Amino acid sequence: MPDKPRYTFHYTPAAYFSSLDLAADYTPPEFEREGFIHCTDGAQNMLQTANYHYNRDLRDFIALYLDKTLIKSPIRYEDPAEIYPHIYGPLNRDAIVREVPALRDVAGTFLLMPEIEE
């Protein structure tokens, strides 16, 4: 993926993520229905996505920073802007390079997270 960023983001409810077996590959709650894992390239794009999709969901979320070079399942960009990769299979845990609490302001709006330096 030379023309795409190496890292991508995925938000998930913190309680759900912490309830999973750490020895097993990760799949989000929607995986069985959708067949893939939603991701977003770029911290600013992830911020917009989180506030659009999860702003009214008041659960605590975490941001998973994923190294796409380590992901074993197929990755496909199916959007014209090519900033929303889909992972078609479970996510191997060693591709998760950082887990960060998704911070919000007092109104519940998600706040920008730092990028990972390439």
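Ala63 has Val100 of S6 as its bridge partner, and that pair is a good place to start. The model is predicted, so local features need pLDDT of at least 70 and side-chain atom pairs pLDDT 80 or more, while totals for chains, interfaces and linings use all residues. Residues are numbered from 1 along each chain as its sequence is written, and side-chain values use heavy atoms, with hydrogens and water left out.

**Exercise 1. Find the strands that pair with S3, and say how many bridges join each pair.**

Step 1. Take S6 (residues 96-101), where strands (E, at least two residues) and helices (H or I, at least four) are DSSP runs numbered from the N terminus. S3 pairs with S6 in the antiparallel sense over five bridges; two strands pair if DSSP finds at least two bridges between them. The bridge between Ala63 and Val100 links S3 to S6.

Step 2. Turn to S1, which runs antiparallel to S3 and is joined to it by seven bridges. Among the bridge partners are Thr8 with Leu66 and Phe9 with Tyr65.

**Exercise 2. Decide whether the two faces of S3 and of S1 are buried or exposed.**

Step 1. Apply the cut-offs: buried is under 20% relative accessible area, exposed is over 50%, and partly exposed lies in between (1.4 Å probe, protein chains only).

Step 2. Sort the side chains by direction. In a regular strand they alternate between the two faces of the sheet. On one side of S3 are Phe61, Ala63, Tyr65 and Asp67, on the other Ile62, Leu64 and Leu66, and all are buried. From S1, Tyr7, Phe9, Tyr11 and Pro13 point one way and Thr8, His10 and Thr12 the other, again all buried.

Step 3. Draw the conclusion. Seven of the seven residues of S3 (61-67) are buried, so the rest of the structure largely encloses this strand. The count for S1 is likewise seven of seven, so S1 is largely enclosed too.

**Exercise 3. Work out which side chains form polar contacts with Thr8 and with Thr12.**

Step 1. Place the residues. Thr8 lies in S1, and so does Thr12, in the run 7-13. Thr8 is buried at a relative accessible area of 1%, and Thr12 is also buried at 1%.

Step 2. Look for N or O atoms within 3.5 Å; within protein one must be able to donate a hydrogen and the other to accept it, and residues adjacent in sequence count only if both atoms are side-chain atoms. Thr8 meets the side chain of Asp41 at 2.8 Å. For Thr12, the partner is the side chain of Tyr26, at 2.9 Å.

Step 3. Widen the view to contacts (heavy atoms within 4.5 Å). Beyond four places in sequence, Thr8 touches residues including Cys39, Thr40, Leu64, Lys68 and Pro85. Leaving out neighbours within four places, Thr12 touches Phe17, Tyr26, Asp60, Phe61, Ile62 and Leu64.

**Exercise 4. Lay out the open sheet of three strands and identify its edges.**

Step 1. The strand order is S2-S5-S4, with antiparallel pairing. S2 and S4 (75-77) are at the edges with a single partner strand each, so one side of each has no neighbour in the sheet.

Step 2. Check one pairing. S2 and S5 are joined by two bridges and run antiparallel; Ile37 has Ile87 of S5 as its bridge partner.

**Exercise 5. Locate Ser73 and find what its side chain reaches.**

Step 1. Ser73 sits in the loop between S3 and S4. At 13% relative accessibility, Ser73 counts as buried.

Step 2. The side chain of Ser73 reaches the backbone oxygen of Pro90 at 2.7 Å. Residues touching Ser73, beyond four places in sequence, are Ile87, Tyr88, Gly89 and Pro90.

**Exercise 6. Describe the lining of the largest pocket.**

Step 1. The volume of the largest pocket is about 290 Å³. Of its 18 lining residues, His38, Cys39, Thr49, His53 and Tyr54 are closest to the centre. A pocket is an open set of points on a 1 Å grid over the protein atoms alone, where a 1.4 Å probe fits, with protein on both sides within 12 Å along at least five of seven lines; lining residues have an atom within 4 Å of a point. Volume is the space filled by probe spheres set on the points, which are joined across faces, edges and corners.

Step 2. S1, S2 (37-38), helix H3 (43-53) and S5 (85-87) each supply at least two lining residues. The lining comprises 10 nonpolar, six polar and two charged residues, where Ala, Val, Leu, Ile, Met, Phe, Trp, Tyr, Cys and Pro count as nonpolar, Asp, Glu, Lys and Arg as charged, and the others, Gly among them, as polar.
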